[in-house]
Amino acid sequence: MIDRHFHFEAEDDVDGVLSTMVDDVEHDVVGYPTGPVHGKTAARGFYDALFADLSGEKVTTLRRYYGPDFVVDESLWEGTAPGAPFGIPGHGRKLSFRLLHVFDMAPDGQIKRENVWLDFAAILNQLNAPQAA
């Protein structure tokens, strides 16, 4: 299910992403202004904004740990920032950062909680660095 979720994210397929989640999913991107949100409609708002602001080219799983009702995934995201990800103007720059997902899984295998930790320092450093002439 996690691989499906990441595949849909890579395709900018919001409906696909949401299909991997329970209806009352808790979606929590640490540091995001809304804080944790509940339900697919609220999660959709995050993904609509994310896919407008970031264009992913590659996500590489570095480590994955799992048990009967959880998955922890550390990945490296690589792509460009055509919009203003997390409120920072991207100017179409290349961007890469690590992220950590902590998923709580429902008995049917769907995601019931997605907790995301991003390397905001790397994002800030790359997007605020002087651009080459």
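Modeller: Before we count anything in this predicted model, let us fix one term: a salt bridge is a side-chain nitrogen of Lys or Arg within 4 Å of a carboxyl oxygen of Asp or Glu. By that rule, the structure holds nine salt bridges.

Colleague: Why is the meeting of the side chains of Arg 64 and Asp 3 called a salt bridge?

Modeller: The N to O distance between the side chains of Arg 64 and Asp 3 is 2.9 Å, and the rule asks for a nitrogen of Lys or Arg within 4 Å of a carboxyl oxygen of Asp or Glu, so the pair qualifies. This salt bridge links distant parts of the chain, with Arg 64 in strand β3 and Asp 3 in helix α1, 61 residues apart.

Colleague: What makes Asp 3, Arg 64 and Asp 73 a network?

Modeller: Arg 64 also meets the side chain of Asp 73 in a salt bridge, at 2.8 Å from N to O, which is again within the 4 Å limit. Through these salt bridges Asp 3, Arg 64 and Asp 73 are linked in a network.

Colleague: Is Asp 73 buried or exposed, and how do you know?

Modeller: Asp 73 has a relative accessibility of 0%, and buried means under 20%, so Asp 73 counts as buried. Arg 64, by contrast, has a relative accessible area of 28%, and since this value lies between 20% and 50%, Arg 64 is called partly exposed.

Colleague: What do Asp 15 and Arg 44 tie together?

Modeller: Their side chains meet in a salt bridge at 2.5 Å, N to O. Asp 15 belongs to helix α2 and Arg 44 to helix α3, so the pair joins parts that are 29 residues apart in sequence. Arg 44 itself is partly exposed, with a relative accessibility of 31%.

Colleague: How do you know that the buried residues of helix α1 are on the same side?

Modeller: In helix α1, which runs over residues 2–10, the buried residues are Ile 2, His 5, Phe 6, Phe 8 and Glu 9. They cover an arc of only 160° around the axis, and therefore they are on the same side of α1. On the other side of α1, Asp 3 and Ala 10 are exposed.

Colleague: Why is His 101 called buried?

Modeller: His 101, which lies in strand β5, has a relative accessible area of 3%, and that is under the 20% cut-off, so the word buried applies. Leaving aside neighbours within four places in sequence, His 101 is in contact with several residues, including Phe 6, Asp 73 and Glu 114.

Colleague: What makes the pairing of the side chains of His 101 and Glu 114 a polar contact?

Modeller: The two side chains are 3.3 Å apart in this contact, and a polar contact needs a pair of N or O atoms within 3.5 Å, so the distance fits the rule.

Colleague: Why is Leu 76 called partly exposed?

Modeller: Leu 76, in strand β4, has a relative accessible area of 27%, and a value between 20% and 50% is called partly exposed. Not counting residues up to four places away in sequence, Leu 76 touches a set of residues, among them Lys 58, Leu 62 and Phe 97.

Definitions and conventions. Residues numbered from 1 in each chain as written. Predicted model: local features only at pLDDT ≥ 70, side-chain atom pairs only at ≥ 80, totals over all residues. Heavy atoms only, no water. Helix = DSSP H or I, 4+ residues; strand = E, 2+ residues; numbered from the N terminus. Buried < 20%, exposed > 50% of the residue type's maximum accessible area, 1.4 Å probe, protein only. Contact = heavy atoms within 4.5 Å. Arc of directions from axis to C-beta. Polar contact = N/O pair within 3.5 Å; in protein donor to acceptor, adjacent residues only side chain to side chain.
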